[in-house]
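Here is a short note to read with the model open beside you. Take the points one at a time, and turn the structure as you go.

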Amino acid sequence: MRSSTFRPLSLLVLGGTRFLGRAVVEAALADGHQVTLFNRGRTNPGLFPGVETVIGDRTGDLSALSHRRWDAVVDVAGYDPQVVGLSVDALRGGLPQDREGLSEQEEHRLLRTLTD
């Protein structure tokens, strides 16, 4: 049962259409969160109808993510420090730690969504 203070989180998932990313998106949607995907649009396009998909390539132009805000970003393929750095730079200013932050309850709920 959801608490009366439930607030859906806005999540950006880098990738999100196969392997672990797909499971993260399914879990987040099942919990009522708002999901935006950022991917190249090549793998399983249309897998999540009604979910915003921003087309781009994380190894190059990330300008489509500029001036956008999410409560959290999930990067399940963050193994190349240079590519992760590009994402961090593009998202700077659009995450809660750059603003007011998530409440402790929201952080716990997000972690449960991603680990259950």
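**Notes on the chain and its pocket**

1. Let's begin with burial, keeping in mind that this is a predicted model. The chain has 116 residues, and 35% of them count as buried.

2. Now for the surface. About 7,100 Å² of the chain is accessible, and carbon and sulfur atoms account for 51% of that area.

3. Next, try tracing the fold. You should find three helices and four strands. In which order do they come along the sequence? The pattern reads β-α-β-β-β-α-α, so to speak from left to right as you follow the chain.

4. Have a look at how parts of the chain meet. If you take the contacts between residues at least 6 apart in sequence, 60% of them join residues at least 24 apart.

5. Then turn to the largest pocket, which has a volume of about 560 Å³. It is lined by 23 residues, and the closest to its centre are Gly15, Arg18, Arg40, Arg58 and Ala77. These five are good ones to highlight on your screen.

6. Which elements give two or more residues to that lining? They are helix H1, residues 19-30, and strand S2, residues 34-39. The largest share comes from H1, with three residues.

7. Finally, consider the chemistry of the pocket wall. The lining of the largest pocket is made up of eight nonpolar, nine polar and six charged residues. Colouring the lining by these three classes would be a friendly way to see the mixture for yourself.

Notes
Residues are numbered from 1 along each chain as its sequence is written. This is a predicted model: local features need pLDDT of at least 70, side-chain atom pairs count only at pLDDT 80 or more; totals for chains, interfaces and linings use all residues. Side-chain values use heavy atoms; hydrogens and water are left out. Buried means under 20% relative accessible area, exposed over 50%, partly exposed in between (1.4 Å probe, protein chains only). Contact means heavy atoms within 4.5 Å. Accessible areas come from the Shrake-Rupley method with a 1.4 Å probe; for residues, only the protein chains shown count as cover. On a 1 Å grid over the protein atoms alone, a cavity is a set of points where a 1.4 Å probe fits but cannot get out, and a pocket is an open set with protein on both sides within 12 Å along at least five of seven lines; lining residues have an atom within 4 Å of a point. Grid points are joined across faces, edges and corners, and a volume is the space filled by probe spheres set on the points. Ala, Val, Leu, Ile, Met, Phe, Trp, Tyr, Cys and Pro count as nonpolar, Asp, Glu, Lys and Arg as charged, and the others, Gly among them, as polar.
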